[in-house]
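Visitor: Could you walk me through this one, please? I'd like to start with the protein and DNA contacts.

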Protein chains: 2
Amino acid sequence: MKKTTIYDIAKELNITAATVSRALNDNPRISEDTKKLVLATAKKLNYKQNKLALALKSGKSKNVGVVVPYINRNFFSTVIRGIEEELNPKGYNVIISQTHEEGKKEIDIVQNLLNAQVDGIIISASRQSKGNDHFKYVLSKNVPLIFFDRKKEIEGISSVTLDDAQGAYQATKHLIEQGCKHIAHMTIDLSLLIYQNRLAGYKQALADHGMEFNPDYVIALQSEIVAGKDAAKKLMGLPEPPDAIFSATDLGALGAIQYLREIGKKIPEDFCVVGFSNEPFTQFMELPISSVDQSPLLMGKTAAKVFLEQIESNDVKIEKNVVLSPSLEIRKSSQKTLG
Amino acid sequence: MKKTTIYDIAKELNITAATVSRALNDNPRISEDTKKLVLATAKKLNYKQNKLALALKSGKSKNVGVVVPYINRNFFSTVIRGIEEELNPKGYNVIISQTHEEGKKEIDIVQNLLNAQVDGIIISASRQSKGNDHFKYVLSKNVPLIFFDRKKEIEGISSVTLDDAQGAYQATKHLIEQGCKHIAHMTIDLSLLIYQNRLAGYKQALADHGMEFNPDYVIALQSEIVAGKDAAKKLMGLPEPPDAIFSATDLGALGAIQYLREIGKKIPEDFCVVGFSNEPFTQFMELPISSVDQSPLLMGKTAAKVFLEQIESNDVKIEKNVVLSPSLEIRKSSQKTLG
DNA sequence: TTGTAAGCGTTATCAC
DNA sequence: GTGATAACGCTTACAA
């Protein structure tokens with residue numbers, strides 16, 4: 001079955017394609033009669049607009065590229081869902097790509113999206129992202145670029161991030177208020193801004209409450225449960241072991257909890273733990289884990305809105321940096337006192 | 001910065017756009033010299049092929065639509081990841097859309113993807129999918145359509161699914177072998193084929209082992225933990241309560257376990273539970289939950305391969321139905337005996 | 001080996 | 001109010 005074009009409709013009605021186009025676009029200079037006729041035959045011939053032709057002509061593909069490290073991480077897939085829900089009603093499609101945290105892949109993907117004439121790119125930088133040239137290049141092509149969660153400091157590029165420091169501050173403060181005296185911190189990759197900020201928030205909270213910062217209490221791990229267990233073991237082997245852990249990841253928190261229970265620690269009575277990300281599993285556990293929520297759905301929607309603003313204002317270089325506030329979800333793993 | 005086209009290169013070299021095009025496409029009839037020259041100036045002018053123009057001309061957009069109920073479900077996002085990993089290296093982009101389980105949205109999305117001239121559609125039918133006309137329509141446009149996981153029986157349409165019955169059979173058989181005498185089954189929506197098949201596998205396993213099927217032991221719930229709890233409560237209130245549950249979802253299994261522990265049941269000693277989907281959280285729990293793995297990554301890759309085959313064979317109507325074998329992951333929640 | 005010109009399906013700018 | 005025509009950027013017969 002051949003695809004019907006506006007020419008087919010034109011031929012059918014003995015008018016010209018231009019008229020058909022105008023009628024379909026509800027151009028006021030077209031008579032109601034012809035409009036009705038065109039619409040009717042369009043339906044009859046099952047006409048569907050070819051978006052590619054429109055895109056080529058207009059220079060707008062109505063596609064937006066979304067780039068994440070991995071798609072099957074709850075945080076990222078939920079951000080994408082937020083973006084989708086905001087952009088689809090406006091007629092945009094979302095093209096997703098994953099970098100697998102590779103810097104090279106990130107460059108390729110951005111280039112590829114540009115070739116595909118996307119109208120914008122919404123991206124969370126990969127862990128090994130190299131340089132900023134590919135990002136600046138996007139701007140030079142007049143294509144809006146918006147960072148979310150993991151940003152890079154580049155002039156003229158907007159971002160939607162979480163106030164990681166504040167989240168860490170809240171978590172640490174909460175632990176202090178629970179009466180914890182020696183709070184350790186598990187982190188991942190301190191070359192990433194988000195983890196630097198979480199560390200900073202942790203430190204700040206300690207300082208604000210007259211507690212000393214102990215470098216031995218900060219331990220970096222790979223985002224895995226096993227690593228969390230090992231780290232907890234290490235911490236508990238210190239001359240003065242901690243009585244609480246604020247982990248920059250939920251899996252780290254989980255691993256720590258597993259180890260602590262193995263050695264007979266009672267949680268939250270003897271030991272408190274707070275994670276970060278509010279992954280779904282944290283609430284499913286028999287011992288639900290307190291965690292800092294990153295509101296990924298809102299982050300996605302916000303990033304999409306920033307994109308739309310840039311498109312509408314027609315100025316790619318407007319830098320807008322939205323910082324979302326985290327919210328601490330207090331659960332059993334850190335709740336000594338009720339209420 | 002204006003985008004450079006092959007015309008810009010042509011002008012620069014005082015040749016014609018056609019020659020440039022051929023040179024870039026490594027056409028053997030172009031002299032090595034001009035090729036080199038073209039490539040060099042292409043690089044110099046920072047030329048990037050406009051995929052839209054290519055798509056319009058060739059009729060192939062190099063985009064594939066992937067449609068799922070929700071993207072932020074581990075199963076679906078992992079299938080998408082599989083599709084991506086298979087298709088990206090072949091130069092395809094993946095456009096994702098979510099139906100939110102709505103039949104109407106499914107129709108709109110399919111139509112929209114067709115307008116966008118996708119080269120194929122890979123879809124898991126929405127729960128409330130209405131009719132088959134929109135699917136048949138895709139075929140009539142000569143666009144390959146592939147179902148995964150949730151399929152519809154339509155002649156000429158390929159699918160990649162899991163052998164749900166076999167998975168259910170394995171799970172039930174395993175429970176029987178653990179010595180369970182009264183095995184209940186939690187399901188969700190029996191209007192969906194996958195749940196029908198899981199029920200069938202459960203029944204078959206019972207029959208094959210001389211156990212009677214008791215309709216009171218089958219209970220349908222919404223895919224939520226609370227519902228799982230309630231259902232477990234109901235089951236335990238029966239004159240002859242079960243001593244095992246095979247749940248068609250992991251969340252259902254989790255809810256059941258929570259209730260059972262509340263009333264003091266020892267798992268797996270007194271009661272065994274097996275879930276379905278092998279969601280990540282099942283292994284994180286303090287009491288890891290046995291579950292049937294659906295190998296979503298493989299499912300995605302396989303669906304992508306089937307799509308590629310259809311594209312290459314140039315015949316949309318080749319029906320190929322791949323059925324993947326599930327594998328039961330035995331964990332503590334159902335492991336009375338070791339080994 | 002390279003140039004010419006048509007065509008993919010739209011929309012926009014002139015005309016009339 | 002409608003028609004002709006050019007243009008978006010690329011590929012591809014057909015010529016030369």
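Guide: A polar contact here is a pair of N or O atoms within 3.5 Å; within protein, one must be able to donate a hydrogen and the other to accept it, and residues adjacent in sequence count only if both atoms are side-chain atoms. By that rule, a backbone N or O atom of Arg29(A) lies 3.4 Å from a sugar or linking oxygen of DNA strand D. This is a predicted model, in which local features need pLDDT of at least 70, side-chain atom pairs count only at pLDDT 80 or more, and totals for chains, interfaces and linings use all residues. Residues are numbered from 1 along each chain as its sequence is written, chains are lettered from A and ligands numbered from 1 in the order in which they are written, and side-chain values use heavy atoms, with hydrogens and water left out.

Visitor: OK, what does Arg22(A) reach on DNA strand D?

Guide: A polar side-chain atom of Arg22(A) lies 2.7 Å from a base nitrogen of DNA strand D, and a polar side-chain atom of Arg22(A) also lies 3.0 Å from a base oxygen of DNA strand C.

Visitor: And which residues are closest to DNA strand D?

Guide: Of the 26 residues that surround DNA strand D, the closest are Thr16(A), Thr19(A), Arg22(A), Ser21(B) and Tyr47(B), where a residue counts as near if one of its heavy atoms lies within 4 Å of the strand. From chain B, a polar backbone atom of Asn50(B) is 3.4 Å from a phosphate oxygen of DNA strand D.

Visitor: How about DNA strand C, is it sugar and phosphate or bases that face the protein?

Guide: Both take part, since 58% of the atoms of DNA strand C within 4 Å of the protein belong to sugar or phosphate and the rest to bases. On the phosphate side, a polar side-chain atom of Tyr47(A) lies 2.7 Å from a phosphate oxygen of DNA strand C, and a backbone N or O atom of Thr16(B) lies 3.1 Å from a phosphate oxygen of that strand. The elements giving two or more residues to this surface are helices H1 (6-13), H2 (17-24) and H4 (51-58) of chain A, with H2 (17-24) and H4 (51-58) of chain B; helices (H or I, at least four residues) and strands (E, at least two) are DSSP runs numbered from the N terminus.

Visitor: Switching topic, how are chain A and chain B related?

Guide: A rotation of 180° with 0.0 Å of shift along its axis superposes chain B on chain A, with an RMSD of 0.1 Å, so the two copies are related as by a two-fold rotation axis. The fit is by least squares on the C-alpha atoms of residues with pLDDT of at least 70 in both copies. Ile95(B) is the residue of chain B that comes closest to the axis, at 2.3 Å (C-alpha).

Visitor: Why do the copies meet through the same surface?

Guide: They do so because 100% of the interface residues of chain B are also interface residues in chain A. In all, 47 residues of chain B are in contact with 47 residues of chain A, contact meaning heavy atoms within 4.5 Å.

Visitor: How many salt bridges between them?

Guide: The count between chain B and chain A is two salt bridges, each a side-chain nitrogen of Lys or Arg within 4 Å of a carboxyl oxygen of Asp or Glu. One of them joins Arg261(A) to Glu286(B), with the closest N and O atoms 3.0 Å apart. There are also 22 residue pairs in polar contact between the chains, both residues at pLDDT 80 or more, and H5(B) gives the most to the side of chain B that touches chain A, with seven residues.
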